[in-house]
Amino acid sequence: MSALDITVVFSAYALALLIALLTTGTLSDHVGRRPVLLGALAVQVASMALFATADGLTTLIGARVLQGIATGAATSAAGAALLDLEDPARPGRPALANSIAPVTGMAAGVLAATLMVRFAPVPAITVYAALIAVFAAQAIALVSTSETVRRRPGALRSTRPHLALPSAAAHALLLNGAGVVAVWALGGFYSSLGPGFTRLISPDGPEYADGLVFFTLTTVAAPTVYFTRRMRADVSAPLGSCAVIPAAVLTLGALHLADPVLVFTGAALAGFGFGAVSQGALRAVVDSAPAREKGGTLAS
């Protein structure tokens, strides 16, 4: 597959994720968190099965579309469910979990996938079989959890594409939106084209190094979220945004100097920016939203 093919597959996921966030972002505020999460997990299992049997570009795009829909629906519902469970005696923990869980999950996922590519039999099937087992276990655990939201009317109307942002949250998102776009754009570059980029710079390097460049980004991002949690949101988000510029410069320098050290250094710096901006922006936006609008605000 060419770099363009890989980019199309990656973009299909991002587009489906965006559509799902715009249409199902507030659904869990009306029907409850559990129904949305169980539906999302079922669609995730279907997408993994499609990945495992994929034999061409069209099937991969279809699998990524399903994955994007499921992830978009689950993102706001799972995040809002965590916010519902906030302990007044220990405020801020759900927001911290919402920030640290995605990057920790990506780090664990890319490391496990890299190891499977290196050691597991038939890795193109084994990776997705393992994920199907994880999603099934999550669904079983979810059935035994308590619902945190009372059903209220307007579920069908809530699926019309829209951004659900109270005015205070909209102001916070306006201030932090550019930084969020920047860190996810750079993160998207490393997650989609990072392996090919690393191979281009160091064609004789070990195969496992291709996957470890994105692992570097996420491994730095996770502790950054934790260590900047007590920093004011209006400090951590701009600080992380500033890290994007030298990270991009190092990445471009690595291409021209054919130096893999610069690639990994740039990825680490991008990880710092990703972690600082993600948790700072999330706190600034979600903390200013009313409890009954957390799901929609998180999706926006």
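Buried residues, defined by under 20% relative accessible area with a 1.4 Å probe and protein chains only, make up 41% of the 300 residues in the protein chain. The model is predicted; local features need pLDDT of at least 70 and side-chain atom pairs pLDDT 80 or more, whereas totals for chains, interfaces and linings use all residues. Residues are numbered from 1 along each chain as its sequence is written, and side-chain values use heavy atoms, without hydrogens or water.

The protein chain has 12 helices and zero strands (DSSP runs of H or I, at least four residues, and of E, at least two, numbered from the N terminus). Its C-alpha atoms fill a box of roughly 60 × 45 × 35 Å along the principal axes. Of the contacts (heavy atoms within 4.5 Å) with a separation of 6 or more, 80% join residues 24 or more positions apart.

The largest nonpolar core (buried Ala, Val, Leu, Ile, Met, Phe, Trp, Tyr and Cys residues joined through side-chain atoms within 4.5 Å) has 23 residues. Val-103, Leu-186, Tyr-190 and Leu-217 are among those with the most contacts inside it. Helices α5 (93-119), α8, α9 (208-227), α10 (233-257) and α11 (260-286) each give two or more residues to this core. A second, separate core of 15 residues includes Leu-27, Leu-41, Met-48 and Leu-142.

Leu-217 touches Gly-187, Tyr-190, Ala-267, Ala-270, Gly-271 and Phe-274, leaving aside residues up to four places away in sequence. Thr-198 lies in helix α8 (residues 167-201). Thr-198 counts as buried because its relative accessibility is 5%. With the same sequence exclusion, Thr-198 touches Ala-209, Asp-210, Val-213 and Val-263.

Note on methods:
Buried < 20%, exposed > 50% of the residue type's maximum accessible area, 1.4 Å probe, protein only.
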